[in-house]
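Trainee: I've just opened this one and could use a guide. Can we go through it together?
Mentor: Sure, let's pull it up and start.

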Amino acid sequence: MTPVFAVVGHPNKGKSSIVSTIAQNDSIVTSPQSGTTRQVQRYDILIGQARYTLIDTPGFQRPSRALAWLQDHAVSADKRRDAVQQFINDDHCQKEFPEEVMLLKPIIDGAAILYVVDGSRPYGAEYEAEMEILRWTGQASMALINPIENEDHVHDWEQALSQYFKIVRVFNAMQADFEKVVAMLDAFSHIREEWHGVLADIVVEYRKFRANQLTESSLLLEELLTQLCTYRVSQKVMTKHQADSLKDILQKKYFADVRRIERQHHESLKSLYRYHHLESTIDELPLEDNLFDTQKWIMWGLDRRQLTVAATLAGAAAGAAVDIAVAGSSLMLGALGGGLLGAGSAWFSADSIAMFKIKGLPLGGYEAYQGPIQNRNFPYVVLGRYLYLADALRNRTHAHRENLQIQEGDLSAHISKLNSSLQANLHRALGRLRQQKPTEDLQQSLHALLQG
Ligand SMILES: Nc1nc2c(ncn2[C@@H]2O[C@H](COP(=O)(O)OP(=O)(O)O)[C@@H](O)[C@H]2O)c(=O)[nH]1
Ligand SMILES: [Mg+2]
């Protein structure tokens with residue numbers, strides 16, 4: 001038995017938006033133009049192993065006249081549902097009230113009702129005909145107040161809706177977070193007895209799905225960091241002179257590839273969170289600049305001081321309890337040698353992001369190569385950028401259709417929320433990646449970071 005929900009209400013109240021948000025999918029068409037959803041659209045939702053159906057409808061067009069027709073065809077309450085059935089089958093009604101027929105049909109066929117109103121617009125008696133018709137179907141129902149512009153009229157709506165619906169919830173299509181969606185489904189399991197078990201399973205699947213997205217996103221991040229930290233491009237040539245002349249070409253290719261690899265992973269992350277149409281923008285990785293001192297790099301990654309603390313933590317023996325306060329104190333930094341923090345110091349050495357090298361080959365000829373990465377901040381920059389995208393995706397709803405602009409974030413604030421052993425592991429693992437050494441423990445720290 002697959003639960004089916006019909007999302008109904010006036011046109012342009014956010015029905016399609018709510019469908020997107022509940023379905024966790026941005027492929028559903030929403031529009032500022034009233035009447036964009038002209039036909040009933042069935043969406044078979046698959047969340048993990050859970051299946052159910054959401055039906056998006058065009059919305060009521062002539063509810064008062066439709067109700068008048070129904071009232072003429074039902075003499076008493078026990079005949080109301082039959083009257084609705086008759087209304088759907090009636091040729092004249094199909095021509096006169098195509099939208100009402102369309103939206104009532106799935107409900108009479110067994111769909112539960114999600115009635116959507118706009119809490120920023122005043123309540124009006126004209127909605128009563130809609131609610132009355134819905135009541136006549138005898139189906140389980142819930143009202144969702146979508147406060148499109150503000151919450152000014154939510155209270156009035158609650159007063160009116162609670163007379164027609166057992167459950168009335170404020171549900172902002174643009175802001176309803178994952179928990180809100182789950183709570184809505186859970187509430188439904190209590191008003192429709194025969195769906196209780198299956199809706200409880202759906203809620204479990206939603207949670208598993210969400211946890212799975214998090215795990216997948218941390219694996220994707222690990223892959224991105226590993227690829228970018230180890231990436232290099234090379235070319236074999238006959239003479240040393242030819243090898244020398246490859247420097248610019250290889251560097252260009254290297255930069256382009258690094259950017260492409262990052263972009264691909266960002267796109268995969270968007271698909272993982274079921275954003276298939278979302279345009280996002282982020283500044284290009286500033287690879288050409290003198291890396292460490294540019295503001296951009298510090299903006300995405302860590303600043304000098306934080307990098308020094310990171311190196312201190314990374315250097316501590318694995319498993320040793322590291323006192324972060326001590327590691328970060330000026331005492332400790334002083335012990336490391338004040339020179340470390342000096343501008344242009346060799347420790348941060350980063351006049352080029354990756355080395356260009358030429359190697360003689362045993363059988364003659366030369367190989368020129370660019371990469372792998374040298375810069376200490378590089379893995380942090382990649383990490384920071386991915387983290388901001390992941391956070392933005394997790395905190396937005398699929399009803400949002402504006403472009404997403406990824407701007408600066410605060411990586412060190414994110415990192416400092418981890419416990420000290422996870423922090424030390426993270427720094428150690430990123431340090432090892434940069435040194436082309438195998439890492440363990442990276443996954444766990446990344447997972448914790450993404451979880452926030
Ligand atoms: N700001 C804001 N806009 C919303 C909200 N819900 C819907 N909209 C916008 O209102 C318009 C109509 O929404 P849509 O879902 O297509 O309404 P429908 O006709 O009832 O399906 C679209 O431009 C949506 O982006 C909301 O909660 N807040
Ligand atoms: Mg619509």
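**Helix pairs, odd bonds and a ligand**

Mentor: Keep in mind that this is a predicted model. To get going, look at helix H2 (residues 63-73) and helix H6 (residues 126-136): their axes come within 8 Å and cross at roughly 40°.

Trainee: Okay, so are H2 and H6 parallel or oblique to each other?

Mentor: Their axes cross at roughly 40°. Angles under 35 degrees would count as roughly parallel. H2 also passes H6 in a left-handed crossing. The angle therefore makes H2 and H6 oblique.

Trainee: And what about H3 and H5, at what angle do their axes cross?

Mentor: Helix H3 covers residues 80-89 and helix H5 covers residues 98-108, and their axes come within 9 Å. H3 passes H5 in a left-handed crossing. The two are therefore oblique to each other, with a crossing angle of roughly 130°.

Trainee: Then there's H11 and H16. Which hand does their crossing have?

Mentor: Helix H11 (residues 247-272) and helix H16 (residues 378-394) have axes that come within 10 Å and cross at roughly 25°. That angle makes H11 roughly parallel to H16. As for the hand of the crossing, H11 passes H16 in one that is right-handed.

Trainee: Let's switch to the backbone. Which residues does a cis peptide bond join?

Mentor: Look in strand S10 (residues 366-373), where Pro372 lies. The omega angle of the bond is about 0°. The pair it joins is Gly371 and Pro372.

Trainee: I also noticed Gln24. Where is Gln24 found?

Mentor: Gln24 has a positive phi of about 55°, although it is not a glycine. As for its place, Gln24 sits in the loop between H1 and strand S2 (41-47).

Trainee: Now the ligand. Which helix gives the most to the shell around ligand 1?

Mentor: There are 15 residues around ligand 1, and those that come nearest are Asn12, Lys15, Ser16, Ser17 and Asn146. The helix you want spans residues 15-23 and gives 3 residues to the shell. That is helix H1.

Trainee: How many residues of each class does the shell around ligand 1 have?

Mentor: Let's go class by class. The shell has 2 charged residues and 5 nonpolar ones. The polar residues number 8.

Trainee: How much of the accessible area of ligand 1 does the protein cover?

Mentor: Take the polar contacts to begin with: a backbone N or O atom of Lys13 lies 3.0 Å from an oxygen atom of ligand 1, and a polar backbone atom of Ser16 is 2.8 Å from an oxygen atom of the ligand. Asn172 uses its side chain instead, with a polar atom 3.0 Å from a ligand oxygen. On its own, ligand 1 has 580 Å² of accessible area, and the part the protein covers is 81%.

Conventions. Residues are numbered from 1 along each chain as its sequence is written. Chains are lettered from A and ligands numbered from 1 in the order in which they are written. This is a predicted model: local features need pLDDT of at least 70, side-chain atom pairs count only at pLDDT 80 or more; totals for chains, interfaces and linings use all residues. Side-chain values use heavy atoms; hydrogens and water are left out. A residue is near a molecule or strand if one of its heavy atoms lies within 4 Å of it. A polar contact is a pair of N or O atoms within 3.5 Å; within protein, one must be able to donate a hydrogen and the other to accept it, and residues adjacent in sequence count only if both atoms are side-chain atoms. Accessible areas come from the Shrake-Rupley method with a 1.4 Å probe; for residues, only the protein chains shown count as cover. Helices (H or I, at least four residues) and strands (E, at least two) are DSSP runs, numbered from the N terminus. Ala, Val, Leu, Ile, Met, Phe, Trp, Tyr, Cys and Pro count as nonpolar, Asp, Glu, Lys and Arg as charged, and the others, Gly among them, as polar. Axes are lines fitted to C-alpha atoms, for helices over the stretch in contact, and angles run from 0 to 180 degrees between N-to-C directions. Angles under 35 degrees count as roughly parallel, over 145 as roughly antiparallel, 65 to 115 as roughly perpendicular and the rest as oblique. A crossing is left-handed if the near helix is turned anticlockwise from the far one by less than a right angle, and right-handed if clockwise.
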